[in-house]
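Hi everyone, and thanks for coming. Please have a look at the sequence and the structure on the screen, and then I'll walk you through them.

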Amino acid sequence: MTQINDARIPEVHTIKSGCTGCRNDAATPIELAFAFQPIVDVTAGRAYAHEALVRGPNGESAGSVLAQVDESNRYHFDQRCRTTAITQAAALKMESLLSINFMPNAVYRPEACIRSTLEAAEKHGFPIERIIFETVEGENIISRPHLVEIFRAYKRFGFQTAIDDFGAGYSGLTLLADFQPDLIKLDMELVRRIDTDFVRQRIVCGVLAMCRDLGIRVIAEGIETSAERDFFAANGVALMQGYFFAKPAFKAVPDMSEAAFSV
């Protein structure tokens, strides 16, 4: 059983008095479940982590679920996503890391809003050091300083952190200058056709060099061909994700083809 130091968990009265989301009990729960897609370590030939991808209770699309989220239920939805992902991963006896997407706009106070996550991890015996919190700096982010505050708090608690869609319009160098996560996930638009696109190759190689200097691991996201895999492997990237390795599996840990690791 995972033991969590109570000193790291805020008092209940602090949460109730200081968090707008916690005081809003009127939100109707959104029914949800998760599919899991592996982030593979091609060097080790195994899954490094599994990303929890939200679905409807019967496997409905993420879009149909997210369309139900608004200001009145965002906090509770974000909290349920975290605890449900941990619960399902534990039930599947997941041995890899678990990557959970979170909504920065749903986090009012990081030290308060993390309590249910810590409690779920302890209840199900899922070590917090095996949980990655990932998000993308999006157009509707309330503020970059607040996102940085969230990331720093999560790192203090012992979680790993990741910036998703790095290289897309809103996720980039300014955020990286303020906070250096454990991982970045390259935007799939940079990954696509990289084996034949000289410009993408130069851009990505520059990002890889920068991340090596900063001690950040890179995940190549959206790998669909052996040529894309081989380019990244040749340039020192071991962590990859995409349909080439496995599609998301609803309420299951997907099987991966051994041939996909043959670089």
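Let me begin with a question: which residue in S7 is the bridge partner of Ile-184? It is Val-218. Before I go further, please keep in mind that this is a predicted model.

Let's stay with that part of the structure. Strand S6, residues 183-186, pairs with strand S7, residues 217-221, in the parallel sense, over four bridges. S6 is also joined to S5, again running parallel, by three bridges. There, Ile-184 in S6 is the bridge partner of Ile-163. So Ile-184 turns up in both pairings, with Ile-163 and with Val-218.

What covers S6 looks like this, face by face. Leu-183 and Lys-185 lie on one side, Ile-184 and Leu-186 on the other, and all four are buried. For anyone new to strands: in a regular strand the side chains alternate between the two faces of the sheet.

Now let's move along to S4. S4 and S5 pair in the parallel sense over four bridges, and Ile-132 stands opposite Gln-160 in S5. Four bridges also join S3 to S4, and these two run parallel as well. In that pairing, Ile-100 has Phe-133 in S4 as its bridge partner.

Is S4 buried or exposed? Five of its five residues are buried, so S4 is largely enclosed by the rest of the structure. Ile-131, Phe-133 and Thr-135 point one way, while Ile-132 and Glu-134 point the other way.

Next, the helices. H4 has 18 residues, and at 1.5 Å a residue it should span 26 Å; its end C-alpha atoms are 26 Å apart, so the two agree. Its buried residues include Tyr-75, Phe-77, Cys-81 and Ile-86, and also Asp-78 and Arg-82. After H4 comes Lys-93, with a positive phi near 55°. Helix H6, residues 115-124, has Arg-115, Thr-117, Leu-118, Ala-120 and Ala-121 buried. Just after H6, Gly-125 has a positive phi too, about 65°.

One loop residue is worth pointing out on the screen. Pro-104 sits in the loop between S3 and helix H5, and it counts as buried because its relative accessibility is 8%, under the 20% cut-off. Pro-104 and Phe-151 are 47 residues apart in sequence, and their C-alpha atoms are 9.5 Å apart in space.

Let's turn to the empty space. Rolling a probe the size of a water molecule over the atoms shows where empty space is left. The largest pocket here has a volume of about 880 Å³. Its lining is made of 36 residues, and Glu-51, Leu-66, Asn-101, Val-136 and Asp-164 lie nearest its centre. Among the elements that give two or more residues to this lining are S3, S4 and S5, which we have just met, along with helix H4. Which strand gives the most? That is S2, with five residues. By type, the lining divides into 17 nonpolar, nine polar and 10 charged residues.

Last, a word on the cysteines. How many disulfides does the structure hold? Zero. Cys-205 counts as buried because its relative accessible area is 17%, and Cys-211 is buried as well, at 0%.

That's my tour, so please ask away!

How values were computed. Residues numbered from 1 in each chain as written. Predicted model: local features only at pLDDT ≥ 70, side-chain atom pairs only at ≥ 80, totals over all residues. Heavy atoms only, no water. Disulfide = S-S within 2.5 Å. Buried < 20%, exposed > 50% of the residue type's maximum accessible area, 1.4 Å probe, protein only. 1 Å grid on protein atoms, 1.4 Å probe; cavity = no way out; pocket = protein on both sides within 12 Å on 5 of 7 lines; lining within 4 Å. Points joined across faces, edges and corners; volume = space filled by probe spheres on them. Nonpolar A, V, L, I, M, F, W, Y, C, P; charged D, E, K, R; others polar. Expected span 1.5 Å × (residues − 1). Pairing = 2+ DSSP bridges.
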